[in-house]
Amino acid sequence: MEQFDFIVQTPVGIHARPAMLLAKEAARFRSRIQIQKGDLKANAKNMASLLTLRAYQGDEVTFLIEGEDEQEAAEALQIFCSNNL
């Protein structure tokens, strides 16, 4: 299992457009990818699920990645987050 924390940087947080882009990026991988904020977990491959996190600027989220391409997914998602969230 790969895991990393990320602090949301964008002023609008993870709203519709960033959630759509994140889900699209996560869907490229076979691994199970979840994002956790506090007690809430969301399927990173599902835009609606991501929106339930209500992650705003300054919020810390944790990516939990498990599967055959978990290392590749973690690296790609860290880059994606740095550039888009």
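This section describes helix packing, salt bridges, a surface patch and selected residues in a predicted model.

The model is predicted, and local features were accepted at pLDDT of at least 70, side-chain atom pairs only at pLDDT 80 or more, while totals for chains, interfaces and linings use all residues. Residues are numbered from 1 along each chain as its sequence is written, and side-chain values use heavy atoms, with hydrogens and water left out.

Helix 1 spans residues 16-26. Helix 3 covers residues 70-84. Helices (H or I, at least four residues) and strands (E, at least two) are DSSP runs, numbered from the N terminus. The two helices pack at an angle of about 160°, and their axes lie 10 Å apart. Helix 1 is therefore roughly antiparallel to helix 3. Axes here are lines fitted to C-alpha atoms, for helices over the stretch in contact, and angles run from 0 to 180 degrees between N-to-C directions. Angles under 35 degrees count as roughly parallel, over 145 as roughly antiparallel, 65 to 115 as roughly perpendicular and the rest as oblique. The crossing of helix 1 past helix 3 is right-handed. A crossing is right-handed if the near helix is turned clockwise from the far one by less than a right angle, and left-handed if anticlockwise.

Helix 3 also holds Ala 74. Ala 74 is buried, at a relative accessible area of 4%. Buried means under 20% relative accessible area, exposed over 50%, and partly exposed in between (1.4 Å probe, protein chains only). In sequence, Ala 74 and Ile 7 are 67 residues apart. Their C-alpha atoms are 15 Å apart in space.

Three salt bridges were found in a search of the whole structure. A salt bridge is a side-chain nitrogen of Lys or Arg within 4 Å of a carboxyl oxygen of Asp or Glu. Glu 25 pairs with Arg 28, and the closest N and O atoms are 3.2 Å apart. Glu 25 is buried, with a relative accessible area of 15%. Its partner Arg 28 is exposed, at 53%.

Arg 30 bridges to Glu 68, with 2.7 Å between the closest N and O atoms. This pair links distant parts of the chain, 38 residues apart. Arg 30 sits in the loop between helix 1 and strand 2 (32-37). Glu 68 sits in the loop between strand 4 (60-66) and helix 3. Arg 30 is exposed, with a relative accessible area of 60%. Glu 68 is exposed as well, at 67%.

Asp 59 and Lys 37 also meet through their side chains, at 3.3 Å from N to O. This salt bridge again links distant parts of the chain, 22 residues apart. Asp 59 lies in the loop between helix 2 (47-51) and strand 4, and Lys 37 lies in strand 2. Lys 37 counts as partly exposed, at 22% relative accessibility.

Asp 59 also figures in a C-alpha separation. Its C-alpha atom is 9.9 Å from that of Ile 14, although the two residues are 45 apart along the chain. Ile 14 belongs to the loop between strand 1 (2-7) and helix 1. Ile 14 is buried, at 6% relative accessibility.

Strand 4 contains Thr 62. Thr 62 is buried, with a relative accessible area of 15%. The C-alpha atoms of Thr 62 and Phe 6 are separated by 6.3 Å, with their positions 56 residues apart along the chain. Glu 66 is found in strand 4 too. Glu 66 counts as partly exposed, at 44% relative accessibility. Its C-alpha atom lies 5.2 Å from that of Arg 32, and the two residues are 34 apart along the chain.

Arg 54 is in the loop between helix 2 and strand 4. Arg 54 is not a glycine, yet it has a positive phi of about 50°. Most residues other than glycine have a negative phi. Arg 54 is exposed, with a relative accessible area of 57%.

A nonpolar surface patch of about 230 Å² is formed by Met 20, Met 47 and Leu 51. Patches are made of residues with over 30% relative accessible area and no salt bridge, with like charges joined within 9 Å and nonpolar side chains (Val, Leu, Ile, Met, Phe, Trp, Tyr) within 5 Å. Accessible areas come from the Shrake-Rupley method with a 1.4 Å probe, and for residues only the protein chains shown count as cover. Met 20 is located in helix 1. Met 20 is partly exposed, with a relative accessible area of 43%.
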